[in-house]
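Me: I have a structure open in front of me and would like a close look at one part of its charged side chains. Could you walk me through it slowly, as you would at the bench?

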Amino acid sequence: YCASACSWCGHEFYFNGTEVVLDDGSPLLRGERGKVVGPASSSSHFRKGLRMRFGARHVDVLLEQLGDRPPLPLPGGFAPGDIVYYTSTYYQAFSNGDRLMFGERG
């Protein structure tokens with residue numbers, strides 16, 4: 001069902017953004033397919049997004065995060081949610097204070 005006369009209502013798109021934890025605590029995963037139910041309703045997404053239904057969840061998504069095809073696989077054969085470890089022998093520090101050390105799990 002479509003909440004408005006939006007010309008995109010009923011079309012299906014894939015979420016191609018990075019994983020997002022929704023207000024209800026459930027994740028919106030990269031590659032999930034959803035259906036347009038209308039224009040985005042939040043002010044931050046006004047004229048820049050669509051209201052999508054992913055299963056029973058209704059979510060405002062920016063247009064740049066949607067695609068008509070599933071996202072390409074990640075390099076190295078990895079998938080969203082995989083557990084990975086930092087294996088470089090070089091310590092890496094970032095300007096925000098974060099750091100990477102050998103063996104850290106991500």
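Which residue forms a salt bridge with Asp60, and how far apart are the closest N and O atoms?

Reply: Happy to. Please keep in mind that this is a predicted model. The partner of Asp60 is Arg51, and the closest N and O atoms of this salt bridge are 3.1 Å apart.

Let us look at the two ends in turn. Asp60 has a relative accessible area of 14%, which is under the 20% cut-off, so Asp60 counts as buried. Arg51 has a relative accessible area of 26%, so Arg51 falls in the partly exposed class. The salt bridge therefore joins a buried acid to a partly exposed base.

Now for the strands around this pair. Arg51 lies in strand 5, which covers residues 49-54. Strand 6 takes in residues 57-62. Strands 5 and 6 run antiparallel and are joined by six bridges. One of the pairings across them puts Leu50 of strand 5 with Val61 as its bridge partner in strand 6. Between the two strands sit two residues, making a hairpin, and Gly55 in the turn has a positive phi of about 65 degrees.

Strand 5 also has a partner in strand 4. Those two strands pair in the antiparallel sense as well, over four bridges. Here Arg51 has a direct part to show you: Gly38 stands opposite Arg51. If you check the backbone, the C-alpha atoms of Arg51 and Val37 are separated by 5.6 Å, although these residues are 14 places apart along the chain.

The surroundings of Arg51 fit with that picture. Leaving aside neighbours within four places in sequence, Arg51 is in contact with Lys35, Val36, Val37, Gly38, Pro39, Ala40 and Ser41, and also with His58, Val59 and Asp60. Asp60, the salt-bridge partner, is thus one of the residues that Arg51 touches.

From here it is worth following strand 6 to Arg57, which takes part in another salt bridge. The side chains of Arg57 and Glu32 meet at 2.7 Å, N to O. This pair links distant parts of the chain: Arg57 is in strand 6, while Glu32 is in the loop between strand 3 (27-28) and strand 4, 25 residues apart. Arg57 has a relative accessible area of 18%, so Arg57 is buried. The side chains of Glu32 and Arg57 are also joined by a polar contact of 2.7 Å. Not counting residues up to four places away in sequence, Glu32 touches Phe13, Tyr14, Phe15, Pro27, Phe54 and Arg57.

Finally, have a look at Glu12. Glu12 forms a salt bridge with Lys35, with the closest N and O atoms 4.0 Å apart. Again the pair links distant parts of the chain, with Glu12 in strand 1 (residues 12-15) and Lys35 in strand 4 (residues 33-39), 23 residues apart. Glu12 is partly exposed at 40% relative accessibility, and Lys35 is partly exposed too, at 29%. Glu12 and Lys35 do not stand alone, as a network of salt bridges links them with Arg33. Lys35 also brings us back to the start, being among the residues in contact with Arg51.

For the overall tally, the structure holds five salt bridges, and the one between Asp60 and Arg51 that you asked about is among them.

Notes:
Residues numbered from 1 in each chain as written. Predicted model: local features only at pLDDT ≥ 70, side-chain atom pairs only at ≥ 80, totals over all residues. Heavy atoms only, no water. Buried < 20%, exposed > 50% of the residue type's maximum accessible area, 1.4 Å probe, protein only. Pairing = 2+ DSSP bridges. Polar contact = N/O pair within 3.5 Å; in protein donor to acceptor, adjacent residues only side chain to side chain. Contact = heavy atoms within 4.5 Å.
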